[in-house]
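Please look over the sequence and the model before reading on, and keep both in view as you follow the text.

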Number of protein chains: 4
Amino acid sequence: MTKLRLALFGAGRIGKIHAATIDANPDCELVSVVDIDESAAKEVANRYSSKVMTADEVFDDKNIEAVLICSAANTHADLIEKAARANKVIFCEKPIDLSLKRVQACLKVVEENSASLSLGFNRRYDNNFMAIKTALDEGEIGKAELITISSRDPGLPPMDYMKLSGGIFKDMMIHDFDMAVWLKGEMPVRLSAHASAIVEPSISEFGDFDTAVVSMEFADASLAVITNSRRASYGYDQRIEVHGEKGMLSMENVLENTVSISNEYGTNKAKPLHFFLERYMQAYANELNDFVSCFADGKKPKASGKDGENALILALAAEKSIKTGKIIDIKN
Amino acid sequence: MTKLRLALFGAGRIGKIHAATIDANPDCELVSVVDIDESAAKEVANRYSSKVMTADEVFDDKNIEAVLICSAANTHADLIEKAARANKVIFCEKPIDLSLKRVQACLKVVEENSASLSLGFNRRYDNNFMAIKTALDEGEIGKAELITISSRDPGLPPMDYMKLSGGIFKDMMIHDFDMAVWLKGEMPVRLSAHASAIVEPSISEFGDFDTAVVSMEFADASLAVITNSRRASYGYDQRIEVHGEKGMLSMENVLENTVSISNEYGTNKAKPLHFFLERYMQAYANELNDFVSCFADGKKPKASGKDGENALILALAAEKSIKTGKIIDIKN
Amino acid sequence: MTKLRLALFGAGRIGKIHAATIDANPDCELVSVVDIDESAAKEVANRYSSKVMTADEVFDDKNIEAVLICSAANTHADLIEKAARANKVIFCEKPIDLSLKRVQACLKVVEENSASLSLGFNRRYDNNFMAIKTALDEGEIGKAELITISSRDPGLPPMDYMKLSGGIFKDMMIHDFDMAVWLKGEMPVRLSAHASAIVEPSISEFGDFDTAVVSMEFADASLAVITNSRRASYGYDQRIEVHGEKGMLSMENVLENTVSISNEYGTNKAKPLHFFLERYMQAYANELNDFVSCFADGKKPKASGKDGENALILALAAEKSIKTGKIIDIKN
Amino acid sequence: MTKLRLALFGAGRIGKIHAATIDANPDCELVSVVDIDESAAKEVANRYSSKVMTADEVFDDKNIEAVLICSAANTHADLIEKAARANKVIFCEKPIDLSLKRVQACLKVVEENSASLSLGFNRRYDNNFMAIKTALDEGEIGKAELITISSRDPGLPPMDYMKLSGGIFKDMMIHDFDMAVWLKGEMPVRLSAHASAIVEPSISEFGDFDTAVVSMEFADASLAVITNSRRASYGYDQRIEVHGEKGMLSMENVLENTVSISNEYGTNKAKPLHFFLERYMQAYANELNDFVSCFADGKKPKASGKDGENALILALAAEKSIKTGKIIDIKN
């Protein structure tokens, strides 16, 4: 078997993680690295014995079969389109774009070129989320009737990041919207949202929130609730509960270790793994390895461009609910 | 010290529980029992060496200082008014009435007669709910920002009961509305609701639901979510989570026992205590003992008529949100 | 049905608990109270409308069918013998006596008079221990192969108590020996012991220990380990683990409440219920109610005089192991 | 910085794991692979672009600085001695040898050649065991008074393996002896053992056991208990509890995932990770990476030859306790 030959766009934090996974996977090879910061590109390229290239060189190189788009969010849609036209298999970190129109235009190009686009909804590749999905699909609790998704970050991102992030619904809850749709296997039909800037009131100046609740109804009469907070004193909190007709599935956090201490104050367990890099380290590796094996087997990716569009539609509906004070219908 | 002399209205299930508590409390005495079913009244009266009386006899008896109203829900408001006018100290099971107007009229009578009315929101007397309230009030997590309340019954009540219950919001979620207001110490300012008849679709014929989600906003920008289901395969589920600026409080279910079994399927813990009688047995005793000691000490009850009115206001707002598809403002 | 008429010997802490249980049980009646401290006897007698009597008056009173022996430990054997001769049904707190000879002589009198003696091994009546015993007897884990019993007290008892207690094996581990024999349904065949005065070295002056480990072998080749400490900073610790061929049963502590707090230090759960009075409150009630219903049904008590003798045999063997540095054979 | 150049002896299961770690560590390089099964050696060598060599070639090659001994147990002592004489830095899987005399002779050679020998007590490198050790060393529970170590394998090893294994104490409990000594920082002074062949009685034909309990006393009066079973229906069970003067540390198993299911049977959590390869995957990587960084920094390894000797001394004492029926003194 020949190895899948890949180019990496973006030599930042997440790009480096993916480069290490590629290096450890005997079925693929990191051929080149692209980054507007050339020294960053060089560092990764040197570490894994690959070349620094420009974007155009990658698209023109027939020997490169796949691209990993891990560059800044506002470059994603353009790179996806160019990659699709250049016949590359595409993995892209979320989001495709913050504008629904831009996303839809981009996905049209993908479709017209019959390109394969895998989107970086990393949680779908985490063994805990997968265990809950598998149990649900295998009917262990019968029909899902009430889904509760909790996501809380250990702390507010830097103000500069927040201003460009698109807001809590498009930047943070987007993962939870995707999770709800993935678990149910369909889009909700109605949704309402409540949100506050209670952790950091100043962010309301640019219209953002740090604490939010969204409730959703599905066509089969089941309900789902997502709660988000940008700051949890106890660390990264990622839990799911699915209440079904025959049982409840519940996914707890992954803790730093399994040691507890008991004393006159009670019994104290360790904190959750600090943040997404620690918590989803294995999921990131699974995600890339799955991308490589999907290519080999001709399978569809677990998370597609359409999944990215769906999550964005829900984020926008949540924003609309808050603006209008109404429960919003989702057109599917 | 003389003993508080009480009359019990209603010799049914909950009336019997309260009678046993009175019997075991050396500071009070069950003087008489009233029930339209005379044999039920006799059974309880005999067991505790008290007399069977009519309602009028109780109200006329100057030696009876307090009444426990545990009769059918539609008799509560009338009995409260008569007791208030007869100068009795009053304990009444929830609800006062399902009509807000009737509740308000009744509470006016209570007020005009300067009567003391304690309402049976039993969860306020449970040591677990009290522990979460105490921790919150003592500032252990700072300001509460996001409250999540889960209540699920082990199974649907009989259809006859449901038809007269007033619906899921006024019959079941009423406890959770009270819990949210109690924890926050204030009423919310806005609310939205979603509900389904997914467990038993036929109940939609009389406009009821079995699964519901309500989200609320408070004046201080904090949020709360309540989820309800009339049927949980694993039993009675009563949990609370309060996310605050300095930590999260989390209240788990009380289990049948502390034994688990580990085998090739994993590790299995016992179910929660089956239903409210098992789960809140000690809370019911605390509630009555508190009623007796409030009388002795001249203290206000933990749950008042106003608390009953507040919870009803929220239940009605939830119904309105569903009917209108809007987020509803609560006038306080 | 007529009520079982009881006399109580000993109006101390545990005697009061049993008196309250009798009062709440409609099938029995506390006729009289005996205590060398007359005011203590009076207090209990008044509270439950019974009489103060002398021991002899009790034994002579044909209307008294049963006695509860809750007086000082060194009076137990004498009172049991007198009660047996006077044809009373007997409940006695542990121990019968600290001397094996005295116990055996006493049990001979019980046997000769065909008396029924129920011994106060309260843990056998706790719903958690019962759940583990039931699961074991129903074969949920197949044959028990390795039993681990942990018992730790929140703190050392007063020095005066310890000096008269008979030492850690006869005073504290006696409950755990009984538990092991009860769970297995048979006595072990060999045993070794290790013990230290590490918490309070001064108790070694009178030959006592505060920390101890005993290992036992049963005829069926299964093993058991008991660990004891007189001081656990986190409170009363009472756990059992039974490893069997098809699974493991594990009994955790009962906590003060189900609330946990998560913050930057991790997640903290409540402490175990403080000590035996809190932890075994319901077990004490079950024990007495079982005694009353065994009388009514003619059933054997769950814990007999022979069980007391067996536990004492093991405690003495543990002491011998320490003195001799040898593994001790138990003659059965 | 130049890379540490290593040779691997033994291309079996554990050898492959270490080879992958070396490959992923940028500070070292796998130069050669030695195995009596040449095709196994070739497979590993090819995968990581290294050479197949004979043992003598490795010892003669001045460019090879370090050796990893992962070959059959009975080759360890010889290879250690040759490596020590050839001036290599040595990592060796446990055991050095099953004979104490052979171990001591081997360690003398190591000492005479001032060689650095790191022993594969992998648990010392697991983040959970490390967390308990760190908490203990930092005084979080004060003095350790009672240590309980539970180790249970998911199932009996093949009969052929067992016959050559040296028996449960030298093959399995050896890890737990090391753990006790590591946690306490010293050897115990006395020990007693009980053991049975209850899971598979036929192994008593060659004098082995499958279930065992060892109790130990330390010079500071603290106690420790180890329990072992060769078969746990629920999987690999590795727990530790350290009871100290100011608290208790408790290390639970690592589970397959954090998902639980609640239904009419209770709440079921996932099983522990299946066996040592799954459970200690990260510990094996930490171990090798620590070996490499100890070389670079000139630090002593976390587990030395002396640690191997100590654990073997305790295993032999346990065997002696069983043979003699006595509590055995350990000469330190």
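The paragraphs below go from a sheet within one chain to the contacts and symmetry between chains.

This is a predicted model, in which local features need pLDDT of at least 70, side-chain atom pairs count only at pLDDT 80 or more, and totals for chains, interfaces and linings use all residues. Residues are numbered from 1 along each chain as its sequence is written, while chains are lettered from A and ligands numbered from 1 in the order in which they are written.

We begin inside chain D, where an open sheet of 6 strands runs in the order β3-β2-β1-β4-β5-β6 with parallel pairing. Strands here are DSSP runs of E with at least two residues, helices are runs of H or I with at least four residues, and both are numbered from the N terminus; two strands count as paired if DSSP finds at least two bridges between them. Strands of a sheet pair through backbone hydrogen bonds, either parallel or antiparallel. The edge strands of this sheet, each pairing on one side only, are β3 (51-52) and β6 (117-119) of chain D. Within the sheet, β1 (residues 4-9) and β2 (residues 28-34) of chain D are joined in the parallel sense by 6 bridges, and D:F9 stands opposite D:V34 in β2(D). Helix α4 (residues 76-85) of chain D packs on the sheet, where it touches β1, β4 (66-69), β5 (89-92) and β6 of chain D, with contact meaning that the C-beta atoms of two residues, placed from the backbone, lie within 7 Å.

Where does chain A meet chain D, and how many residues does each give? The contact takes 24 residues from chain A and 24 residues from chain D, and on the side of chain A the elements that give two or more residues are α6 (127-137), β12 (247-251) and β13 (259-263). Strand pairing also crosses between these chains: β13(A) is joined by 4 bridges to strand β12 (residues 247-251) of chain D, and the two run antiparallel. One pair of bridge partners is A:S262 and D:M248, the latter in β12(D).

Finally, consider how the copies are related, using superposition by least squares on the C-alpha atoms of residues with pLDDT of at least 70 in both. A turn of 180° and a shift of 0.0 Å along the axis lay chain A on chain D with an RMSD of 0.0 Å. In chain A, the C-alpha nearest this axis belongs to A:A24, 3.7 Å from it. The same surface serves both copies, since 100% of the contact residues of chain A recur in chain D.

Terms used:
Axes are lines fitted to C-alpha atoms, for helices over the stretch in contact, and angles run from 0 to 180 degrees between N-to-C directions.
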